[in-house]
Amino acid sequence: AGGGAHATRATMAAMGQPPGAEGLSNQERIVFSTEKYMANTKAVDFVRSTMFIVAGVIAGILGCTSSQGAFLYLGFQLFTNLGLAASMGFATKDYVNKTLVGFCLSDLTKNGLAFVLWWTVSYGLVHIYT
């Protein structure tokens, strides 16, 4: 699981139809692949976690406090999720079975906790203990 958009695009696969499903009616088609869903969710989670660790360290190094850090978090949230959605062609329902809005709002608290952890650690190391 490498980094960057190329690795994400390479590991994510649309949860489309299995081979041989072309001749089936809409009611007979299989519309969900658990294996692809799990792989895509794992790739999205890896990218988000990495980006919010980096964002927290950046916030700490820059000396952001209070609302500055919150705005930085929201900016990184928007940037990360739109970048991931763009790598999916904004068809998030085909990759992670969530609407675009649902995809952008998912994992806010989990990523927020990682952001705050690394924000406080890097802030303390750079601005308090120097």
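## His127 and the nonpolar patch

Tutor: In this predicted model, His127 touches Gly60, Ile61, Leu62 and Gly63, leaving aside residues up to four places away in sequence.

Student: Where in the chain does His127 lie?

Tutor: His127 is part of helix α6. From His127 to Gly60 there are 67 residues in sequence, yet the two C-alpha atoms are 8.3 Å apart in space.

Student: What makes the pair of His127 and the backbone oxygen of Gly60 a polar contact?

Tutor: A polar contact needs N or O atoms within 3.5 Å. A polar atom of the His127 side chain lies 3.1 Å from the backbone oxygen of Gly60, so the distance meets the cut-off. The backbone oxygen of Ile61 also lies 3.1 Å from a polar atom of that side chain.

Student: Why is His127 called partly exposed?

Tutor: Its relative accessible area is 37%. Buried means under 20% and exposed means over 50%. The value for His127 falls in between, so the residue is partly exposed.

Student: What about Val126, and how do you know its class?

Tutor: Val126 is found in helix α6. Its relative accessible area is 32%, so by the limits of 20% and 50% Val126 is partly exposed.

Student: What makes Val126 fit for a nonpolar surface patch?

Tutor: Patch residues need over 30% relative accessible area. Val126 has 32%, so Val126 passes that cut-off. Val is also one of the nonpolar side chains that count. The patch covers about 860 Å² and is made by Ile53, Ile61, Leu117, Trp118, Val121, Leu125, Val126, Ile128 and Tyr129. The elements giving two or more residues to this patch are α2 (34-62) and α6 (108-128).

Student: Which element gives the most?

Tutor: Helix α6 does, with six residues.

Student: How do you know what kinds of elements the chain has?

Tutor: The chain has six helices and zero strands. Read from the N terminus, the order is α-α-α-α-α-α.

Student: How many of the 130 residues are buried, as a percentage?

Tutor: Buried residues make up 30% of the chain.

Student: Which helix has the lowest mean pLDDT, and which the highest?

Tutor: Helix α1 (residues 4-11) has the lowest mean, 48, and helix α3 (residues 67-87) has the highest, 95. Over residues 1-8, pLDDT stays under 50. For the chain, the mean pLDDT is 83, and 76% of the residues reach 70 or more.

Conventions. Residues are numbered from 1 along each chain as its sequence is written. This is a predicted model: local features need pLDDT of at least 70, side-chain atom pairs count only at pLDDT 80 or more; totals for chains, interfaces and linings use all residues. Side-chain values use heavy atoms; hydrogens and water are left out. Patches are made of residues with over 30% relative accessible area and no salt bridge: like charges are joined within 9 Å, nonpolar side chains (Val, Leu, Ile, Met, Phe, Trp, Tyr) within 5 Å. Accessible areas come from the Shrake-Rupley method with a 1.4 Å probe; for residues, only the protein chains shown count as cover. A salt bridge is a side-chain nitrogen of Lys or Arg within 4 Å of a carboxyl oxygen of Asp or Glu. Helices (H or I, at least four residues) and strands (E, at least two) are DSSP runs, numbered from the N terminus. Buried means under 20% relative accessible area, exposed over 50%, partly exposed in between (1.4 Å probe, protein chains only). pLDDT is the predictor's confidence in each residue, from 0 to 100. Contact means heavy atoms within 4.5 Å. A polar contact is a pair of N or O atoms within 3.5 Å; within protein, one must be able to donate a hydrogen and the other to accept it, and residues adjacent in sequence count only if both atoms are side-chain atoms.
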